[in-house]
Amino acid sequence: MSPANQPRQTKAERTAAAREKARQIREAQQKRERRNKLLIRWGVVVALVAVIAVVALVVTTSMRQNAPIGDTGPRAANTNQYGGVTLGKGSAVTPVPASTVNVADVPSATSKPTQGQPANAPAVEASPKGQPVKVVMYIDFICPICKQFEDTYGSKLTQERNDGKITLEYRPLGFLDQQSTTNYSSRAAAAAAAVANSHPDKYADFINALYAQQPGEGSAGLTDQKLKDIAKGLGADIDQAVDDKTYRPQVKYDTQLAASSGVSGTPTVFVDGKQWGVGAAANTPFDQFLDAAVAAKG
């Protein structure tokens, strides 16, 4: 039958056909919209994954670049076998010859430290009668509590030291490397070792400067160039040691030694063999704790 001979649609049939055509158009449009939304969502997901991958690569590369080079290397002059630099009157540093370290030589922990009990840290025993009180401090340069301790008690420690009442030994660690994206704790400790090695008279000032410019936890920390600039501003050239990561194996050794000795955080402070903040000294303010030790020496 030719189109001319087909029955003419009624108005109702034409309306129904138009509605059906409109429905088909709407469904097709909705399908396109759903497909486009899905593509956009997947595009966003792919973009986010790409950004995360790039950030992870940058962080991993940065941390790898700033990781220690090997487990053996030199120990800086004027740092003892535990990583400590001992300050006396007028920031005088107890001389110690340079040596070497091998992380494989760090002894295994003899026992797990008990909560609330002092660490079994080496060479923190009381000085002989008639000698200045021996203060030993394990520190981390990105540790905010270490800075708070230094801000609160640093002046007193300096005064007592200059008065000949105490010696003050700093043992910098890399405990909080994961609190920066560049192993800042270890980099700063290695820079301090470099200062002790070649410019021991600037060591106390360098410690103070690092705390004064302490970066926030979770940040990249100060750059190597900034560490070198701080030292240079004090009259100490440590450029080569920082660039070559000379004392990073030492910091790794000292950090593992501290951990194996039961030191679990910073600051950990010993005064004539007694650890502040634990046991009977758990609630004693540090200045009172120190005063009691000085008084006991007469």
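**Exercise 1. Locate Ser127 in this predicted model and describe its surroundings.**

Solution. Start with the chain. Ser127 sits in the loop that runs between strand E3 (99-102) and strand E4 (133-139). Helices (H or I, at least four residues) and strands (E, at least two) are DSSP runs, numbered from the N terminus.

Next, take the accessibility. Ser127 has a relative accessible area of 15% and is therefore buried (buried means under 20%, exposed over 50%, partly exposed in between, with a 1.4 Å probe and protein chains only).

Then list the contacts (heavy atoms within 4.5 Å). With neighbours within four places in sequence left aside, Ser127 touches Pro132, Val133, Lys134, Asp272 and Lys297. With Lys297, the side chain of Ser127 also makes a polar contact of 2.5 Å. A polar contact is a pair of N or O atoms within 3.5 Å; within protein, one must be able to donate a hydrogen and the other to accept it, and residues adjacent in sequence count only if both atoms are side-chain atoms.

**Exercise 2. State how confident the prediction is, and where the confidence is low.**

Solution. Use pLDDT, the predictor's confidence in each residue, from 0 to 100. The protein chain averages 88, and 86% of the residues score at least 70. Over residues 53-68 the value falls below 50; this stretch has 20 contacts in the model beyond near neighbours in sequence.

Residues are numbered from 1 along each chain as its sequence is written, and side-chain values use heavy atoms, with hydrogens and water left out. In this predicted model, local features need pLDDT of at least 70 and side-chain atom pairs count only at pLDDT 80 or more, while totals for chains, interfaces and linings use all residues.

**Exercise 3. Which residues lie nearest the centre of the largest cavity, and which helix gives the most to its lining?**

Solution. Rolling a probe the size of a water molecule over the atoms shows where empty space is left. On a 1 Å grid over the protein atoms alone, a cavity is a set of points where a 1.4 Å probe fits but cannot get out; lining residues have an atom within 4 Å of a point. Grid points are joined across faces, edges and corners, and a volume is the space filled by probe spheres set on the points.

The structure has two cavities of 30 Å³ or more, and the largest holds about 100 Å³. Of its 13 lining residues, Arg187, Ala190, Val242, Lys245 and Arg248 are nearest the centre. Helix H3 (184-198), helix H5 (224-233) and helix H6 (239-244) each supply at least two lining residues; H3 gives the most, with four.

**Exercise 4. Describe the second largest cavity.**

Solution. Its volume is about 60 Å³. The lining includes Thr79, Tyr203 and Asp254. H3 and helix H7 (248-260) each contribute at least two residues. By class, seven lining residues are nonpolar, three polar and one charged (Ala, Val, Leu, Ile, Met, Phe, Trp, Tyr, Cys and Pro count as nonpolar, Asp, Glu, Lys and Arg as charged, and the others, Gly among them, as polar).

**Exercise 5. Describe the backbone at Pro267, Ala123 and Asn183.**

Solution. First, Thr266 and Pro267 are joined by a cis peptide bond with omega of about -5 degrees. Pro267 belongs to the loop between H7 and strand E6 (268-271).

Second, Ala123 is not a glycine, yet its phi is positive, about 55 degrees. Ala123 is partly exposed because its relative accessibility is 22%.

Third, Asn183 has a positive phi near 55 degrees and lies in the loop between strand E5 (166-172) and H3. Its relative accessibility is 7%, so Asn183 counts as buried.

Technical notes:
1 Å grid on protein atoms, 1.4 Å probe; cavity = no way out; pocket = protein on both sides within 12 Å on 5 of 7 lines; lining within 4 Å.
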